[in-house]
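Colleague: Please give me a close look at a single strand and its neighbours, and then set that strand in the context of the rest of the assembly.

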Amino acid sequence: MSATVTDNNTTSELAALLDKQLVATAVDAALRKEAAIAFRTAGLPAAKAEEYRFTPVTRILEKQFTLSQPTPAGQASRINDYTLAGLEADTLVFINGVFSPADSSIQKTTDLTILPLQEALVSHTALVLKHLGQYADTAADAFTAWNTAAWTNGLFVHVPDNKIIERPIILYHLHDTSEGQVVTATRNLIVVGRNAEVTILEKYDSAGASPSFSNQVTEAVVAENAGLNLYSIQHDAGQRHQVGMTRIQQANYSRVNTFTFTLNGKLVRNNLQLVLDGEGIESHMYGLYLLTGDTLADNHTVVDHRKPNSFSNELYKGVMDGNARGVFNGKIYVRPQAQKTNAFQANRNILLSPTATVNTKPQLEIWADDVKCSHGCTSGQLDEEALFYLRARGIDKLSAQAMMLYAFAGEVLTNVKNPVVKEYLDNLISQRLHKNF
Amino acid sequence: MSKDNQVLEELTSKEYEHGWTTDIETDSAPKGLNEDIIRFISAKKNEPAWLLEWRLKAYQQWTKMKEPTWANVKFPEINYQDVIYYSAPKQKVTPKNLEDVDPELIKTFEKLGISLTEQKRLTGIAVDAVIDSVSVATTFKETLGELGIIFCSFSEAVQKHPDLVKKYMGSVVPVNDNYFSALNSAVFTDGSFCYIPKGVRCPMELSTYFRINAANTGQFERTLIIADEGSYVSYLEGCTAPQRDENQLHAAVVEIYAMKDAQVKYSTVQNWYPGDKEGKGGIYNFVTKRGLCYGDSSKISWTQVETGSAITWKYPSCILRGDNSMGEFYSVAVTNNYQQADTGTKMIHIGKNTKSRIVSKGISAGHSQNSYRGQVHIMKRAEGARNFSQCDSLLMGDKCGAHTFPYIDVENSTARIEHEATTSKIGEDQIFYCLQRGIDEESAVALIVNGYAKEVLNQLPMEFAVEAQKLLALTLEGSVG
């Protein structure tokens, strides 16, 4: 089912590189070594591998990257162009995968722990090792194995029991490719205690003309009755390729909201996996992809209902223009014990140009009988009559189109809770719609 | 819950109705598959050289192919050398008319409810019956002949209409399309052939009945339907097999070729032996069915009611090549005990303003697994293409599974695609409503299931609709989720 073993040079080259980079004295050396072996076994996905049918990541790595070439340091000064203004938050900045303390600001507090993962590995060894690599499966996905073996840094958040954290945490992942290609592997670990709640936002940007590749893995554990809001804003200009895996483990009565906005980039692959390992869980997954040019955005989501009485809802919407390709695969698993599950999924697409493509594959796999599950997906274009209505009232075609697309995107945007983030995205999206489409 | 279990017990204890064998002497090839067997089949059927060559080429390709593993079904590996590829009811002379046909055979068909005798003429169905790979008799040939319609067994078509066969065989399902189509191309023994000439509306339903009778045999039939410009035909296909402990292989190929303005409606009621309660025995039904809407404004409609087979692996598809052409797929797939079904359709939109509609209803009970797998592909040229798909699953009991794998690939911005799927069980409120009105639980379930499948059953021709409804009631009556 997953990545088929390929006997290509890139896999062996990368596997050798991963082996070479292993440091025997690292705190998580055993984990990394195991992952390197898993990577060699799995291999990068072959051209026809089902899970990567439309997303030629292996070919891109082969053709455009020299994996042995070291990643340059990047310039810290560039980060100011990409930050969210007016948002009171703890921020961590990673430039080309390296934590930049000078640009980051973390408020001193006893309420929670926010650290770069490398530091946490030393100061909170037991807690980190308890969770690190326990959720994201290295055997199922070669990129996850690669990341587990070679991650450089990332975020560690621990919210203790009964703490509601209002102040969001923002991660900026900047790729500065002005001095050559950039390849990064970053890793986040989020541990939310019982009855606690936290909001985390990740923003991906890049500067420079050379290609870059990022391999990103986030693992989150959400304890009983806890909440997690996870935002991802992918707004990379140009040549960024990104493969991300987010795996969230949910306990009884927990609530998770995820938002994925893909607004730019060359190739973006988002794996989002929610494991509902408890009762009374509520999960919402929202996604919006506005694609132009040659962008390929591929969202693969999994909701795994393992216990009874949980609810999941998924809404992904996309607009494709130019030569863009939108790929969606949403899996819903309902295990035999998970009776009384309610699971819903919708994927809606608009194609604006004759050369844009959408490939969607919703997938329900259900082994329990007392459930309500549904999925729906559509692909179409803007309603001619509505366009005509607007134009008859003196609104030019482009504005009318932008207005309608904005309404289309609105269904996702309206679910964003934080007002500053909402306003920022709102501006970003309406600008995009007026300018680019 | 105990009531439910009891009802489910009853349901699972329903025995297969068609599980008898007919004691007819058969003329079989030795077990196994090699070039000699293919030569043997070809010689037995007195085939021209080009066909033997075609078969051998297919065999060569088959040996190079691998059995597909992507379907959501599990079964022990098939030993293709352990199958008898040719088994024909032994007859001393070729029957000239019905009186010459072995009376045992006639009885077989009477048991099946399809009589080849005169009285059935009243129902107005022309039947071509295929038993263990060989077409036994075709009725109504003369009536159809007057209109220029050719409806005969495949082997007869090879002898009498070699040009048509040569031109269209393999044009819709190429030999190397997949593992089972290649196997079929190499060893197919008989099947039906149908040609409807220009502008002719076939006045009656054409029907084929397939039956696997001898042990250890596989049935590899091939159906080819050619609908010339502006013609119309409705074609029915039914299948049964006796109860046996070992698994039997059925790998058929159906090809439909529709020219300009032609319409073909193909209905199947598939009731192969599904295996017993423990999942022992049963037919492996690996079928490739495909229709090509070659001409503009042509239409192909598939309707299937799948209740039998241990494993069903079948995707009746439409290639919508002509502008304004239309494809339809209506399916009810019922699985019970340890049956597994992986079925669905492919709608490939190539021409402008092509339309397709998919309605699939899955019902799983017992320990069965029921999957819908479908693809809607809108190619770049297909301006204004339209698709509507609906696939619903009904679960009865907590040990079965329902899965959907729809693929939607759109390369044209003017296309409009809608897809929706739901999975649920029979509502307790619906059952309660019926009970309250004095309808017992068994009848209530039959009522609800029939209502659920109605959209599809309505598409069937009358004679089949009655049979299908009975089949549904038989398999599922009384089961409450």
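**A strand and its neighbours**

Modeller: In strand β20 of chain B, S356(B) is the bridge partner of G327(B), and I should say at once that this pairing, like everything below, is read from a predicted model. G327(B) falls within strand β17 (residues 326-335) of chain B, which runs parallel to β20(B) and is joined to it by 10 bridges. The strand β22 (residues 386-395) of chain B also runs parallel to β20(B), again with 10 bridges joining the two, and here K361(B) stands opposite D392(B). With β20(B) thus paired to both β17(B) and β22(B), its burial can be added to the picture: β20(B), residues 355-364, is mostly covered, with 8 of its 10 residues buried.

Chain A offers a strand that can be described in similar terms, namely β7 (residues 197-207), where 10 of the 11 residues are buried. It pairs with β5(A) (residues 169-176), the two running parallel and being joined by 8 bridges, and within that pairing H175(A) has S206(A) of β7(A) as its bridge partner. The strand β9(A) (residues 227-235) pairs with β7(A) as well, in the parallel sense and over 8 bridges, with E202(A) matched to S232(A) in β9(A).

Between the chains, the pairing has another sense: β19(A) and strand β24(B) (residues 416-425) pair antiparallel over 7 bridges, and S374(A) has T422(B) as its bridge partner there. This pairing belongs to a contact to which chain A gives 35 residues and chain B gives 33, and which buries about 2600 Å² between the two chains, 47% of it on carbon and sulfur atoms. The rule finds 17 residue pairs in polar contact across this interface, counting pairs with both residues at pLDDT 80 or more, and it finds 1 salt bridge, in which the side chains of K425(B) and D370(A) meet at 3.9 Å, N to O.

On the side of chain A that touches chain B, β18(A) (357-366) and β19(A) (372-380) each supply at least two residues, and the largest share, 10 residues, comes from β18(A). Taken by residue type, that side of chain A divides into 14 nonpolar, 14 polar and 7 charged residues.

Definitions and conventions
Residues numbered from 1 in each chain as written. Chains lettered and ligands numbered in written order. Predicted model: local features only at pLDDT ≥ 70, side-chain atom pairs only at ≥ 80, totals over all residues. Heavy atoms only, no water. Contact = heavy atoms within 4.5 Å. Buried area = accessible area lost by both parts, 1.4 Å probe. Salt bridge = Lys/Arg side-chain N within 4 Å of Asp/Glu carboxyl O. Polar contact = N/O pair within 3.5 Å; in protein donor to acceptor, adjacent residues only side chain to side chain. Helix = DSSP H or I, 4+ residues; strand = E, 2+ residues; numbered from the N terminus. Nonpolar A, V, L, I, M, F, W, Y, C, P; charged D, E, K, R; others polar. Pairing = 2+ DSSP bridges. Buried < 20%, exposed > 50% of the residue type's maximum accessible area, 1.4 Å probe, protein only.
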